[in-house]
Every structure is written in structure tokens, then in C-alpha cells.
Amino acid sequence: MHRVIASCAIFLLILPLAAVAGPTTAQLAARMAQRIEQAPVLRADFTQEKQMAAFRKPLQTRGQFTFASGQGVIWQIEAPLKVAYVLGEDRIVEIGEDGAAQVRTARDIPGLAQVGALLRALLGAQTDTLAELFTVTPAGTLDAWFLTLTPKPGLLAQAMREVRMNGSRHVERIYIEEANGDSITLNFGNFREDRALLPAERERFGLR
């Protein structure tokens, strides 16, 4: 009888763990790929806090971004200054408040392609791309997922210790712990899905 009770107790302990087993990276990749196929353009608002050891208060910025599958990301900072960055696969365009644009290519910035790929993968929770750069540990469910990203040995590991992100249909929060102890927290909201870019967005991506 004691053995039966013990077996039942062990089963009851294991059952909740099995019920909350996290999604696999393949399942998350399939979910996000389906979302991107349904709405290849995503717009959202963001707030960013950078905590630095040299400052008591975090440095805060806010703005909005446009993620376009196959094109890249438009990162528009609204405050405390107005500046936009267009991050494509092979170049970054910085657009100042006066509208002047400065183009930087992979020749100007070593590792530019990796930076652009990383940002697109983070914003789109593209676990297949992230798995090339990090050890990816998923948790939660497909409707409320969490990812812990540990950089693989290389230049990325020299810059950051860990990335933690979570979301549901979209990425809602990204926390980056840098190698020097500083950190960046990004929170996203007011998501707007679309199937096409606006004319102004197409112009920024250099599309006609």
C-alpha cells in the first residue's frame, strides 16, 4: 500500500511538470512563420531603457518600429531626439531630424550583416536564425512563451551575457544583459499588422 501511495505521489508531482512543458524552438518558429506569412508587415510602439553602471537613472528612449519580412526594420526614435534607422541586410541608413540620410555599409561597419540579422531575428522571434548565434532555451506555452538566449562562443559572447525575451503572437519584451554589466530593456505594445508597406516606408527601404 505504501508503494502504491508513493507511486501516486510521484505521478502527481510529475503531472504538473508535463502539463506545463515549454514549446520547442521548432514549434515557435512555425508559429512565428505563420504569423509573418499572414501579416508580413508589423508596426509597434517601443520604450527602451539602458541601465549603465556610470549613471543612477536609466537612459530612456521611445518610438516605433516597422518590421517588414524580406526588407528589414525601420527603427524610429521619437524622444528624447528624433532619429530613424533603416536596417537592411547589407546596410544601415541613419536619418536625422532634418531628413539628412547617412548610409553605412558592411564595408564601413564590420559585422553589420550579423547586427541586422540579429535585430530582425529578435523582433520576429525567428528561433531558427537565433539558434545559429545562441543556445536557445524555450519555456511557457505557444500563447505565452519565454526564450533565454545564451550567446555561443565568438564576438557576440564578448558583447553580451544573456538575452531574455517573451511574448505571445508578437515579441512583447526583450532584456539584454551586456558583458560589462550594463543592460537594455525593450518593451513593445500597440501592435498593428499589415500586408503591405506604406509609401513612406517603401521609400525608406529604397523600393519603388
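These exercises work through the sheet, the salt bridges and one buried arginine of a predicted model.

**Exercise 1. The sheet**

Find the order of the strands in the sheet, and explain why strand 6 and strand 7 each have one side without a neighbour.

*Solution.*
- Step 1. Take the order of the 11 strands: 6-5-4-3-2-1-11-10-9-8-7. The sheet is open, and its pairing is antiparallel.
- Step 2. Look at the edges. Strand 6 (101–105) and strand 7 (134–141) stand there. Each has a single partner strand, so one side of each has no neighbour in the sheet.
- Step 3. Add the twist. From one strand to the next it averages 15°.
- Step 4. Zoom in on one edge. Strand 7 runs antiparallel to strand 8 (residues 144–151), and eight bridges join the two. Within this pairing, Pro138 has Leu147 in strand 8 as its bridge partner.

**Exercise 2. Salt bridges**

Work out where the salt-bridge partners Glu201 and Arg43 sit, and whether each is buried or exposed.

*Solution.*
- Step 1. Start with the total. The whole structure holds 10 salt bridges.
- Step 2. Check the pair. The side chains of Glu201 and Arg43 meet at 2.8 Å, N to O.
- Step 3. Place the partners. Glu201 is in helix 6 (residues 199–204) and Arg43 is in strand 1 (residues 41–51). They are 158 residues apart, so the bridge links distant parts of the chain.
- Step 4. Apply the cut-off: buried means under 20% relative accessible area. Glu201 has 8%, so Glu201 is buried. Arg43 has 10%, so Arg43 is buried too.
- Step 5. Turn to another pair. Glu94 and Arg104 form a salt bridge, with their closest N and O atoms 3.0 Å apart. Glu94 lies in strand 5 (residues 91–95) and Arg104 in strand 6, so the bridge ties together parts 10 residues apart in sequence.
- Step 6. Classify these two. Glu94, at 24%, is partly exposed. Arg104, at 26%, is partly exposed.
- Step 7. Look for shared partners. Salt bridges join Arg43, Asp194 and Glu201 into one network.

**Exercise 3. A buried arginine**

Decide why the distance from Arg35 to Glu193 does not count as a salt bridge.

*Solution.*
- Step 1. Locate the residue. Arg35 is in helix 2 (residues 25–38).
- Step 2. Find the nearest side chain of opposite charge. For buried Arg35 that is Glu193, 4.7 Å away.
- Step 3. Compare with the cut-off. A salt bridge needs nitrogen and oxygen within 4 Å, so this pair does not qualify. Arg35 has no salt bridge.
- Step 4. List the contacts. Beyond its neighbours within four places in sequence, Arg35 touches Leu42, Arg169, His170 and Glu193.

Notes:
Residues are numbered from 1 along each chain as its sequence is written. This is a predicted model: local features need pLDDT of at least 70, side-chain atom pairs count only at pLDDT 80 or more; totals for chains, interfaces and linings use all residues. Side-chain values use heavy atoms; hydrogens and water are left out. Helices (H or I, at least four residues) and strands (E, at least two) are DSSP runs, numbered from the N terminus. Buried means under 20% relative accessible area, exposed over 50%, partly exposed in between (1.4 Å probe, protein chains only). Lys and Arg count as positive and Asp and Glu as negative; His and the chain ends are not counted. Contact means heavy atoms within 4.5 Å. Two strands pair if DSSP finds at least two bridges between them. Axes are lines fitted to C-alpha atoms, for helices over the stretch in contact, and angles run from 0 to 180 degrees between N-to-C directions.
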